[in-house]
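Thanks for sharing this one. Here are my notes, with the metal site taken up at the start and the other ligand after that.

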Amino acid sequence: MEKTTTFAALLPLETRRKFIRLCLLSPPPTKDDDDENSIFFSYGTAGFRCNHALLDAVAFRCGFIAGCVAAYEDEEEGGGASGICVTASHNEASDNGLKIVDGRGHVLSERYESACELVCNARTEEALEKALDAFEEKVFAFKKEREKSREAAVVYFGRDTRESGERLVERAKEGARVLGEDVVKICDRGVVTTPMLHYFVYAHGKAVEAFYEEEEEEKQKKEGREEEMDAIAERLRVKVDAATQELAYFKRMAIGYLSLIEEDEEKKSHGTDGDFRKNVVEGLRANATGLPPLHVDCANGVGFVAFEKLMALFDVIRESSSTNTSHATTTTTRKEIALVLKNGPSDGPVNLNCGSDFVQKNQRAPDTSSSRLSFVNQRCASVDGDCDRLVYFSIEEGGNFLLCDGDKLSILIAFFLIEQLFLAGLAHKISLGIAHTAYSNGAFTKFCEKNGVETVCAKTGVKNVHKAAEENFDIGVYFESNGHGTALFSEETVELIEKELVDELTRMSVEQQLKKEEEKSLQSVILTTKLKALLTLKATIQTINPAVGDAISSVLLIEGILRKKGNMPFQEWHAMYRDLPTKQTKVKVRDRTVIECFDSERKCSKPEGLQQRIDEIIDSFSSANDDNNNKNMNRAFVRPSGTEDIVRVYVEASDAATCEAIAKKVEDAVVEFC
Ligand code: 16G
Ligand code: MG
């Protein structure tokens, strides 16, 4: 695309001056109040994150950046709206952070990162001028002319339950306000999960798009007539407002989930016909006695609040359907989903001894005073402090801990979708695969290979795995082992599924008209296998948060799939393959950035000699007695963390003791080389 104008020309000089003046009034903090000793704020794996007390200036500047993205970025490149999430996810309660969301509802594109860093670290007028120029160079390079007629852009704000959140949201709003209210409107959505905020921004863009598609003709007719334009702008505002409310978010997912499990409910109420479908579509599964409730560890965080709202919506739907239908008894007594919520914001500091990070890294149940024993012998799930990670777990009778991490979420979702694609007759038209990171268990990749499911390995971080899933497959399922992830459907795939659905319905209705009266009633209840699979795929798409991986949406999807798989017990899901023992440790070094990785972080090229040492350590643990399989099983890698000032060590081996021993040696090597 041709560069036609510059940032300076877009951002009024007055605004630029005002921003610089305000930045100089409250500069980022230094260590010991010494200007020489400034703290560097780095744009980490997922935005700026550190102790909350250091973040005021960064919040102000991020607010301004988000305002610029919404106001001046091309809509196709992610302008028109943007978002700021104030959260430090799974970090301790005293930390906080800023994540910027672009107009498509995705994390801010990587090309902005260095400019964001410059803006957030600049301490002098000169540095601020330079930082803003960097924006001109990198950020707005694609921008053409800003349309005069465009309504004010919107920045959405949201925060998790951390105490410092309210203050930092206010700072960020001040930053956005520098642009002026006629340029950027502020929309504070209060305490919400990170994926909810992503969804609001996504829904904003979609609502605007749909509105203009509908109104294009009308708008053209009325072009130039002030009062008509005002009326259009007001109608648009109302539509966008409705689409970006919490209720719209919860409704989308709840209705998606109810459609997903619908046929099972029919099965229950339609006797023999239900049996017929069960046989044809899913194969026989004995003893489907219903799933026990899911106990959800909400990390003492915002997930608790959000799940409560979801459950309240299910109650409303249930009540209204019971007053509207004659099958009152079946609908009122039935719980479509049973969740027992644990570890809410009032139970303790966010993430302390609970949450998905604690559960996945320590391989044990949450250990808060309010929940210590309540997870034993239950089917459980755990989310993180901002509710974008999810893992499932269970503790067996004898205390044995079973984890279904991101890998197993991927497998369950991918296998389910593959099955539906086959039933819908679309398997040859739509490619499906899994994207994962180096942290995925070797047993997982082997299992995928054995079952003919394609996989790609990407670097750590949602943005990398998301991209890999998007670029490699029509349906890209991706999860990091830590539970971040989702299933991405390309736009063409969604269109294809919808088109096939319409075609199938048309075909059926034509056939129906040709059928004799007596055959009709049976025909009308027995939906064809293909139609059912298409409806299932459509419901799956609706259940998934289209903007970003979302623990709430993933719980609904997994619960839906387990129900559709004849109430598949947790143990059966867990036993699909057996994880190899792993060990993850952290090493504190002087400068972690001396480590440089390649091969999706499975190997390192710097410092020189470190990779060779790791290889030697691995070799020294494969004895002559090992068969080839065992030899290849052990692996280890090191990478600098993107969220903490440490080096992470990962080891996988055929048994736990070997894991420990290798980890120890690799740690020593890291200390020696770094
Ligand atoms: C952040 C990332 C997560 C990644 C983790 C790695 C997002 C939303 N979150 O939490 O994807 O796995 O960092 O942390 O991108 P590390 O670099 O410290 O190992
Ligand atoms: Mg998180």
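1. Along the chain, the donors of the magnesium ion (ligand 2) follow the spacing S-x294-D-x1-D-x1-D. They are S89 (OG), D384 (OD), D386 (OD) and D388 (OD), at 2.0 to 2.1 Å. Donors here are N, O and S atoms within 2.8 Å of the metal (3.2 Å for Na, K and Ca), and sites may look incomplete since water is not among the atoms.

2. S89 lies in the loop between β2 (81-86) and β3 (95-101), and D386 in the loop between β8 (379-383) and β9 (390-395), so the pair ties together parts that are 297 residues apart in sequence. S89 also has a positive phi of about 50°, although it is not a glycine.

3. A word on the basis: this is a predicted model, where local features need pLDDT of at least 70 and side-chain atom pairs count only at pLDDT 80 or more, while totals for chains, interfaces and linings use all residues. Residues are numbered from 1 along each chain as its sequence is written, chains are lettered from A and ligands numbered from 1 in the order in which they are written, and side-chain values use heavy atoms, with hydrogens and water left out.

4. Which residues are closest to ligand 1? Among the 16 that surround it (a heavy atom within 4 Å), they are E480, S641, G642, T643 and R648. The shell divides into 2 nonpolar, 9 polar and 5 charged residues.

5. Oxygen atoms of ligand 1 have polar partners (N or O pairs within 3.5 Å). A polar side-chain atom of S641 lies 2.5 Å from one such oxygen, a backbone N or O atom of G642 lies 2.6 Å from an oxygen, and for a polar side-chain atom of R389 the distance is 3.4 Å. The protein covers 94% of the 450 Å² of accessible area that ligand 1 has on its own (Shrake-Rupley method, 1.4 Å probe).

6. Please also look at the peptide bond from K606 to P607, which is cis, with omega near -5°. P607 is in the loop between β17 (603-606) and α22 (610-620); helices (H or I, at least four residues) and strands (E, at least two) are DSSP runs, numbered from the N terminus.

Terms used: Polar contact = N/O pair within 3.5 Å; in protein donor to acceptor, adjacent residues only side chain to side chain. Nonpolar A, V, L, I, M, F, W, Y, C, P; charged D, E, K, R; others polar.
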